[in-house]
Amino acid sequence: MEEVKCYMPQTLAEALQIRKETGAQPLAGGSDLMVANSRGAGIVPGFKKPILIISNLPELKGIRRLDDGTVEIGALSTSSPVTHPLLKDAASRMGAIALRNSATIGGNIGNASPKGDMPQPLILLDAEVVLQSVDGQRRMKVDDFIIKTKVTAIRDDELITKVV
């Protein structure tokens with residue numbers, strides 16, 4: 001069995017540099033891998049890309065209400081009292097408790113799974129995803145970001161950093 005290279009950056013800047021140099025696949029909560037494993041698939045067969053473990057990056061955590069009333073949700077966040085009731089309701093209906101405790105909003109959007117619970121309410125709320133690379137940041141509507149099942153507009157050198 002072929003070994004997969006794994007990176008564990010300590011800062012967002014380091015993660016973005018690794019992403020740019022290697023195109024490594026970001027991994028945070030790993031809830032999709034939990035589902036695949038529960039179905040007997042183990043680690044996704046044929047997965048050969050390097051893995052970029054971003055679950056410990058403080059820059060991607062937290063939820064805050066801005067002065068203009070909008071809410072910024074870090075890509076590694078789960079839920080908070082300041083989020084919209086529609087999002088809290090969707091999050092409370094997600095699979096098993098183990099999945100709810102590990103799933104992140106960034107992964108839920110980034111996987112572009114038709115089974116994802118967050119994209120639909122985020123689209124209804126006209127939310128934007130913030131994508132960052134070493135070259136800068138761009139924002140786009142969640143509805144434009146998700147192109148089709150399992151396909152998004154993310155570039156190989158970008159990470160989802162937050163949802164607004």
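## A pair of residues across two strands

Gln-132 stands opposite Leu-159, a residue of strand 10, in what is a predicted model. A second facing pair is formed by Val-129 and Val-163, the latter again in strand 10. These residues belong to a pairing in which strand 6, residues 128-133, and strand 10, residues 159-163, run in the antiparallel sense and are joined over four bridges.

## The sheet around strand 6

Strands in a sheet pair through backbone hydrogen bonds, and they may do so in a parallel or an antiparallel way. Here the sheet is an open one of five strands, with antiparallel pairing and the order 4-5-10-6-7. Its edge strands, each of which pairs on one side only, are strand 4 (63-65) and strand 7 (136-141). On average, neighbouring strands of this sheet are turned by 25° against each other, if direction is ignored.

Strand 6 also pairs with strand 7, in the antiparallel sense and over six bridges. The two are joined by a hairpin that passes through two residues, and Ser-133 has Gly-136 of strand 7 as its bridge partner.

## How strand 6 is covered

In a regular strand, side chains alternate between the two faces of the sheet. Is strand 6 mostly covered or mostly open on its faces? Both faces are covered, since Glu-128, Val-130 and Gln-132 are buried on one side, while Val-129, Leu-131 and Ser-133 are buried on the other. In other words, six of the six residues of strand 6 are buried.

Helix 1, made up of residues 12-22, lies across strand 6 and strand 10, and it runs at about 140° to strand 10.

Technical notes:
Residues are numbered from 1 along each chain as its sequence is written. This is a predicted model: local features need pLDDT of at least 70, side-chain atom pairs count only at pLDDT 80 or more; totals for chains, interfaces and linings use all residues. Side-chain values use heavy atoms; hydrogens and water are left out. Two strands pair if DSSP finds at least two bridges between them. Axes are lines fitted to C-alpha atoms, for helices over the stretch in contact, and angles run from 0 to 180 degrees between N-to-C directions. Contact means heavy atoms within 4.5 Å. Buried means under 20% relative accessible area, exposed over 50%, partly exposed in between (1.4 Å probe, protein chains only).
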